[in-house]
Amino acid sequence: MRNKAKEDILSRFIIESEKDPKKVNDKYLRDIVLSFMIAGKDTSADVEDILPNGFRVKKGDEVFYASYAMGRMPYIWGEDAEIFRPERWLHNGVFQPQSPFKFVAFHAGPRICLGKDFAYRQMKIVSIALL
């Protein structure tokens, strides 16, 4: 019997691999580890694109935006943009995700963060542990 005290994420994946070896196999575990190692790195080698406003981004151009400022803009989030109100994402008690182009923590479109779903899963795990 495996030691129940092991609660690190890799141990949890290994336990899952023992439960369902067809789904959670060595290749799957390898991919998870690689995702951890490369997450947050340059996920797009080609920046050639056209922005929604028609501006053309050429190879070698750098694009910057201030996500901190965008998260506090009243014309995006309303007059109470600077107030922490989690209920703004709820409708009749059900979570309603915002457009990734509005909430840019994980970027959006073809350059969206590959680890976004995993990050949300981690946040849920921590929330459950705290509760």
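# Asking why: labels in a predicted model

Biologist: Read from one end of the sequence to the other, the chain runs α-α-β-β-α-α-β-β-α. What are we looking at here, a predicted model or something else?

Modeller: A predicted model. The chain has five helices and four strands, and of its 131 residues, 13% count as buried.

Biologist: Let's begin with the aromatics. How many aromatic pairs does the rule give?

Modeller: The count is two.

Biologist: What makes the pair of Trp-77 and Trp-89 tilted?

Modeller: The ring centres are 5.7 Å apart, and the cut-off for a pair is 6.5 Å, so they qualify as a pair. The planes stand at 55 degrees. Stacked needs under 30 and edge-to-face needs over 60, so the label is tilted.

Biologist: Where do the two Trp residues sit?

Modeller: Trp-77 is in helix α4 (residues 74-77), while Trp-89 is in the loop between α4 and β3 (90-91). They are 12 residues apart, and the pair links distant parts of the chain.

Biologist: Why is Trp-77 called buried, and why is Trp-89 called partly exposed?

Modeller: Trp-77 has 12% relative accessibility, and buried means under 20%, so Trp-77 counts as buried. Trp-89 comes in at 22%. Partly exposed covers the range between 20% and 50%, so Trp-89 counts as partly exposed.

Biologist: And what makes Phe-106 and Tyr-120 a tilted pair?

Modeller: Their rings are 5.5 Å apart centre to centre, with 45 degrees between the planes. The distance is within 6.5 Å, and the angle is neither under 30 nor over 60 degrees, so tilted it is. Phe-106 lies in the loop between β4 (94-95) and α5 (116-130), and Tyr-120 lies in helix α5, 14 residues apart. Phe-106 is at 16% and counts as buried, whereas Tyr-120 is at 29% and counts as partly exposed.

Biologist: How do you know that a charge sits over the ring of Tyr-68?

Modeller: The charged end of Arg-72 is 3.6 Å from the centre of that ring, and the distance limit is 6 Å. Arg-88 does something of the kind with Trp-89, lying over its face at 5.8 Å from the ring centre.

Biologist: Arg-88 has a charged partner too. Why is the contact of Arg-88 with Asp-80 called a salt bridge?

Modeller: Their closest N and O atoms are 3.5 Å apart. The cut-off is 4 Å, so the contact counts as a salt bridge. Side chains of opposite charge can pair when their charged atoms come close. Arg-88 is also buried, at 16% relative accessibility.

Biologist: What about Arg-85 and Glu-87?

Modeller: Those two form a salt bridge as well, with closest N and O atoms 3.4 Å apart. Arg-85 is partly exposed at 27%, and Glu-87 is partly exposed at 43%. Salt bridges that share partners join Asp-80, Arg-85, Glu-87 and Arg-88 into one network.

Biologist: How many salt bridges does the whole structure have?

Modeller: The search finds four. One of them joins Glu-16 and Lys-19, whose closest N and O atoms are 3.2 Å apart. Both residues lie in helix α1, three residues apart, or about one turn of the helix.

Biologist: Why is Lys-19 called exposed, and why is Glu-16 called partly exposed?

Modeller: Lys-19 has a relative accessible area of 61%, and exposed means over 50%, so Lys-19 earns that label. Glu-16 has 35%, which falls between 20% and 50%, so Glu-16 is partly exposed.

Biologist: On to the surface. Which residues form the nonpolar patch?

Modeller: Ile-9, Leu-10, Ile-14, Val-33 and Ile-125, with about 350 Å² of accessible area together. Three residues come from α1, the largest share.

Biologist: What makes Ile-125 exposed enough for the patch?

Modeller: Ile-125, in helix α5, has a relative accessible area of 38%. Patch residues need over 30%, so Ile-125 passes that test.

Biologist: Last one. What does the side chain of Asn-25 reach?

Modeller: The backbone nitrogen of Lys-27 at 3.2 Å, and the backbone nitrogen of Tyr-28 at 2.8 Å. The polar-contact cut-off is 3.5 Å, so both distances fall within it. Asn-25 sits in the loop between α1 (9-19) and α2 (26-38), and at 31% relative accessibility counts as partly exposed.

Terms used
Residues are numbered from 1 along each chain as its sequence is written. This is a predicted model: local features need pLDDT of at least 70, side-chain atom pairs count only at pLDDT 80 or more; totals for chains, interfaces and linings use all residues. Side-chain values use heavy atoms; hydrogens and water are left out. Buried means under 20% relative accessible area, exposed over 50%, partly exposed in between (1.4 Å probe, protein chains only). A polar contact is a pair of N or O atoms within 3.5 Å; within protein, one must be able to donate a hydrogen and the other to accept it, and residues adjacent in sequence count only if both atoms are side-chain atoms. Rings of Phe, Tyr and Trp (its six-membered ring) pair if their centres lie within 6.5 Å; planes under 30 degrees apart count as stacked, over 60 as edge-to-face and the rest as tilted. A charge sits over a ring if NZ of Lys or CZ of Arg is within 6 Å of the ring centre and within 35 degrees of the ring normal. Patches are made of residues with over 30% relative accessible area and no salt bridge: like charges are joined within 9 Å, nonpolar side chains (Val, Leu, Ile, Met, Phe, Trp, Tyr) within 5 Å. Accessible areas come from the Shrake-Rupley method with a 1.4 Å probe; for residues, only the protein chains shown count as cover. A salt bridge is a side-chain nitrogen of Lys or Arg within 4 Å of a carboxyl oxygen of Asp or Glu.
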